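Let's take a walk through this complex, starting with the overall picture and then zooming in. Keep the structure open as you read.

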Amino acid sequence: MVNHVLPYSRLFEPNVAGTAELIRIALTSKIKPYAYVSTGSVGGQIEPSAFTEDADIRVISPTRRIDSGYPNSKWAGEVLLREANELAALPVGGVSLRHDPGRHHLRGSAQRGGQLHPNDAFPAGHRHRARLVLSAGRRWQPAARPLRRGYQSNSFAEAIAALGAGWSTDSRLTT
Amino acid sequence: MVDGFETYHVMNPHDDGIGLDEYVDWLIEAGHPIQRIDDFGEWLQRLRPASVPYRIVSVGTRCSGGCRYTIHTPMVCNPKSRSAHRLGRRIGSVLQSEKRKSAPTRTIQTSRTSRRRSSSKYVADLRLLGLL
């Protein structure tokens with residue numbers, strides 16, 4: 001559940017208990033690989049240079065400040081998966097939408113009409129921009145402004161599907 | 001999964017220099033009646049209905065409770081934030097290999113033209129959904 005307003009207590013059940021339940025399913029009878037989509041906002045409490053693809057989240061972020069609920073709930077899911085991987089050899093593939101301070105945005109489908117979520121950051125922002133009457137002048141110093149380096153969501157949906165297909169045929173899973 | 005746990009950072013390593021200012025430019029060029037006011041103070045004066053509670057905040061600070069609207073001061077960001085493309089190499093290589101399979105949808109949106117196209121597509125989609 002993606003919601004940057006709700007507190008951790010409200011996101012605990014869908015994002016943390018929900019992940020735990022899916023881990024239980026993944027470990028029941030035949031072990032099934034777990035593909036987890038996380039968020040770059042997990043990195044909000046982590047030194048950027050430590051926030052790498054190889055890092056163990058339990059090492060680079062062992063404790064959390066209680067501020068925003070969503071990043072912490074996704075962090076907790078990552079911790080659970082690390083534990084499940086270590087304790088029960090659950091194969092885990094994590095795809096993290098890791099935005100940087102320059103605010104990368106995942107954009108909607110390029111092909112089909114009307115496929116957008118009106119509450120997502122970019123469509124919602126664009127809706128308001130299109131209704132603007134007065135716009136402030138250029139707000140960014142050209143050499144130093146944050147960029148909007150969007151990826152189209154199709155690319156990532158396909159990448160996740162391709163990665164997931166590889167995970168499910170991994171030899172580890174058949175043993 | 002060789003070691004049973006793999007993480008991919010999803011990022012676009014391509015720096016095409018486009019920010020929100022360009023999106024406003026494109027909307028203006030597409031005929032939206034948007035008036036730009038270069039002076040921040042003047043813009044604020046004209047924007048502000050007296051009855052609306054708002055607070056001006058600096059970028060990077062969060063407004064905690066109590067204020068319904070925030071207006072960001074003109075921004076200067078840390079150029080270091082642009083170096084984030086050091087991350088996300090794995091997903092980049094996956095996307096590149098996917099791209100080599102030459103399926104038309106497997107492209108990374110990189111050009112100014114495609115960005116501009118996505119801006120008008122958002123407007124068209126929002127209209128289609130009755131949101132504009």
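What follows goes from confidence to chain A, then to a helix pair, and last to a residue of chain B.

First, a word on trust: this is a predicted model. The predictor gives the complex an ipTM of 0.75, along with a pTM of 0.66. Chain B has an average pLDDT of 65, and 44% of its residues score at least 70. Two stretches of chain B deserve some care when you look at them. Over residues 59-68 of chain B, pLDDT stays under 50, and the model has nine contacts beyond four places in sequence for that stretch. Residues 75-87 of chain B also stay under 50 in pLDDT, and here the model has 27 contacts beyond four places in sequence.

Now for chain A. You'll find six helices and five strands in it. If you trace the chain along its sequence, the pattern reads α-β-α-α-β-β-α-β-β-α-α. Of the 175 residues in chain A, 34% are buried. How do the contacts in chain A spread over the sequence? Take those between residues at least 6 apart in sequence: 73% of them join residues at least 24 apart.

One helix pair is a good place to zoom in. Find helix α1 of chain A, residues 8-27, and helix α3 of chain A, residues 69-88: their axes come within 9 Å and cross at roughly 20 degrees. Because angles under 35 degrees count as roughly parallel, α1(A) is roughly parallel to α3(A). As for handedness, the crossing of α1(A) past α3(A) is right-handed. Which residues of α1(A) and α3(A) meet? On the α1(A) side they include A:Y8, A:L11, A:F12, A:V16, A:I23 and A:L27, while on the α3(A) side A:Y70, A:A76, A:L80, A:L81 and A:A84 are among them. Sorted by type, the residues of this contact between α1(A) and α3(A) come out as 13 nonpolar, six polar and two charged.

Finally, hop over to chain B and pick out B:F5, which is found in strand β1 of chain B, residues 5-9. Is B:F5 buried or exposed? B:F5 counts as buried, because it has 20 C-beta neighbours inside 10 Å, and the cut-off for buried is 20 or more. And what is B:F5 in contact with, leaving aside its neighbours within four places in sequence? Its partners are A:R82, A:N85 and A:V92.

Conventions
Residues numbered from 1 in each chain as written. Chains lettered and ligands numbered in written order. Predicted model: local features only at pLDDT ≥ 70, side-chain atom pairs only at ≥ 80, totals over all residues. Helix = DSSP H or I, 4+ residues; strand = E, 2+ residues; numbered from the N terminus. Buried ≥ 20, exposed ≤ 12 C-beta atoms within 10 Å, placed from the backbone. Contact = placed C-beta atoms within 7 Å. pLDDT = per-residue confidence, 0-100. Axes fitted to C-alpha atoms, helices over the stretch in contact; angles between N-to-C directions. Parallel < 35°, antiparallel > 145°, perpendicular 65-115°, else oblique. Left-handed = near helix turned anticlockwise from the far one by under 90°. Nonpolar A, V, L, I, M, F, W, Y, C, P; charged D, E, K, R; others polar.
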